[in-house]
Amino acid sequence: MSYLSRVPQTDRVLMGPGPSNPYPEVMAAFLRPMLGHLDPEFLAILDETSDRLRAVFQTQNRLTFPISGTGSAGMEAALANTVDEGAPVVVGVNGMFGERMSEIARRLGGNVIQVAAPWGEPLDPDEVLRAHPSPSVIAVVHAETSTGVRNDVEAIARGKGDALVVADTVTSLAGIPVAIDDWDIDVSYSGTQKCLGVPPGLSPITVSDRARSRFVADRSTWYLDLSLISGYVEQRAGRAYHHTAPISMVFALHAGLGVILEEGLEASWRRHEECGRQLQAGLEELGLALVAPAACRLPQLTTVHVPRSLPAGVSEADVRRTLLERYGIEIGAGVGPMAGTVWRIGCMGHTARPRNVELLLGALREVIGG
Ligand SMILES: *Cc1c(COP(=O)(O)O)cnc(C)c1O
């Protein structure tokens, strides 16, 4: 079988936890001719990409740029530059990505104090703030993609005292409001393949001057050392090679951010909100039960209990396989303690359209009966 015949010739509807469908303008950007990574034309596009990221993160932070790596590289960069050996690090854990933050902080030698909430429930901001009298870093996930729950990072950042707050906005950025400066978040990283509507490969990051002044002295990472990278990405004369930027990915992110800002950031939030609520109402109409409580339920990532009454001999994995093979729709399985018992349905980026929601609801009705 040739390579090309294995690649589906029609688009999947990507309604898993990520990647989402990229905007068409984004895919067109991949066709732009290659530029060198120090070519002034490329640096101008990189600078404009960083400006667009500032608009989407709602920040003035000078150090704002796309890290060359996926969301996890942003997570690692955020923590490797702020977590010192032995320093108290409070990490909120109510899902897989809080656990990942916690594990990275542990590997960096941080004295990790976990504040847990059950999967499917939000963190209690007061509990996070009371966990240690003077933490050096507080790390939290804004939108927990493993559970569909929104954590109140704003309340946590407002009460942080002298700590640096590191917020994971991988699944929230452009999907629900994120206001880095208003909320006083010190470091935040995201990912391209969720609500930004760009393929996976870059991790936008933004860092306050306060956080920069407190970067740990001897970072264990060279590639993700933000002081070294800043010599290449900061908008000034005389920029020096650090590593070769993934040029085409930067073109793609530049285009995706352009689409979002042209639509309007608030309009993008509204579209995600409307599609998410349409999906959630439709799932309930099919008799399915949503996992996340309404007050902290994300519109862009819905967790729903697998119905107990599937047709005889049909497993939850069979349902997902049929959706994929017969209808070209991908949804996600549960992970961790929710493996096998929930589905995770994304409505992010270009995927967040009423027609996709209706397509999925109709297909699901045919597969599970309802
Ligand atoms: C997807 C995701 C990540 C990890 O991003 P990768 O691109 O898979 O490395 C981190 N945090 C959250 C909340 C995510 O949803």
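The following exchange asks how labels on this predicted model follow from its computed values.

User: Why is proline 337 called exposed?

Analyst: Its relative accessibility is 58%. Exposed means over 50%. Proline 337 therefore counts as exposed. The residue sits in the loop between E12 and E13. Its C-alpha atom is separated by 13 Å from that of alanine 117, 220 residues apart along the chain.

User: What makes strand E13 mostly covered?

Analyst: The strand spans residues 342-346, and 5 of its 5 residues are buried. Buried means under 20% relative accessible area.

User: Which residues of E13 lie on each side?

Analyst: Val342, Arg344 and Gly346 are on one side. Trp343 and Ile345 are on the other. Every one of these is buried, and both faces of E13 are covered. In a regular strand, side chains alternate between the two faces of the sheet.

User: How do you know that E11 and E13 pair?

Analyst: Pairing needs at least two bridges found by DSSP. Strand E11, residues 301-305, shares 5 bridges with E13 in the antiparallel sense. Histidine 305 stands opposite valine 342 in E13.

User: What makes E12 a partner of E13?

Analyst: There are 2 bridges between strand E12 (residues 329-333) and E13. The cut-off is at least two. E12 and E13 therefore pair, and they run antiparallel. Glycine 332 has arginine 344 in E13 as its bridge partner.

User: What makes E2 and E4 edge strands?

Analyst: The open sheet has 7 strands, ordered E2-E10-E9-E8-E5-E3-E4, with mixed pairing. Strand E2 (63-68) and strand E4 (111-116) each have a single partner strand, so one side of each is left without a neighbour in the sheet. From one strand to the next, the twist averages 20°.

User: How do you know that E8 and E9 pair, and in which sense?

Analyst: They share 3 bridges, in the parallel sense. The cut-off is at least two. Strand E8 covers residues 164-168 and strand E9 covers residues 187-189. Valine 166 is matched with valine 187 in E9. Helix H10 packs on this sheet, touching E2 and strand E10 (202-207). The direction of H10 makes about 100° with that of E2.

User: Why is leucine 228 called partly exposed?

Analyst: Its relative accessibility is 37%. Partly exposed lies between the 20% and 50% limits. Leucine 228 therefore gets that label. It is found in helix H10, residues 226-233.

User: What makes leucine 228 eligible for a nonpolar surface patch?

Analyst: Patch residues need over 30% relative accessible area and no salt bridge. Leucine 228 is at 37%. Together with Trp222 and Tyr223, Leu228 makes a nonpolar patch of about 310 Å².

User: Why is the contact between glutamate 234 and arginine 62 called a salt bridge?

Analyst: The N to O distance is 3.9 Å. The limit is within 4 Å. The pair therefore qualifies. It links distant parts of the chain, 172 residues apart. Glutamate 234 lies in the loop between H10 and helix H11 (247-263). Arginine 62 lies in the loop between helix H3 (40-57) and E2.

User: Is glutamate 234 buried or exposed?

Analyst: Buried, at 12% relative accessibility. The cut-off is under 20%.

User: What makes aspartate 184 and lysine 160 a salt bridge?

Analyst: Their N to O distance is 3.5 Å, and the limit is within 4 Å. Aspartate 184 is in the loop between helix H8 (180-183) and E9. Lysine 160 is in the loop between helix H7 (153-158) and E8. The pair therefore ties together parts that are 24 residues apart in sequence. Aspartate 184 is partly exposed at 42%, whereas lysine 160 is buried at 8%. Both belong to a network of salt bridges with Asp162, Asp186, Arg210 and Arg214.

User: Why are arginine 321 and aspartate 318 said to be separated by about one helical turn?

Analyst: Because they are 3 residues apart in helix H13, residues 316-327. Their salt bridge has an N to O distance of 3.1 Å. Arginine 321 is partly exposed at 41%, and aspartate 318 is partly exposed at 23%. The structure holds 19 salt bridges.

User: Why is helix H4 called largely enclosed?

Analyst: Because 8 of its 10 residues are buried. Among them are Gly71, Met75 and Leu79. Helix H4 spans residues 71-80.

Note on methods: Residues are numbered from 1 along each chain as its sequence is written. This is a predicted model: local features need pLDDT of at least 70, side-chain atom pairs count only at pLDDT 80 or more; totals for chains, interfaces and linings use all residues. Side-chain values use heavy atoms; hydrogens and water are left out. Buried means under 20% relative accessible area, exposed over 50%, partly exposed in between (1.4 Å probe, protein chains only). Helices (H or I, at least four residues) and strands (E, at least two) are DSSP runs, numbered from the N terminus. Patches are made of residues with over 30% relative accessible area and no salt bridge: like charges are joined within 9 Å, nonpolar side chains (Val, Leu, Ile, Met, Phe, Trp, Tyr) within 5 Å. Accessible areas come from the Shrake-Rupley method with a 1.4 Å probe; for residues, only the protein chains shown count as cover. A salt bridge is a side-chain nitrogen of Lys or Arg within 4 Å of a carboxyl oxygen of Asp or Glu. Axes are lines fitted to C-alpha atoms, for helices over the stretch in contact, and angles run from 0 to 180 degrees between N-to-C directions. Contact means heavy atoms within 4.5 Å.
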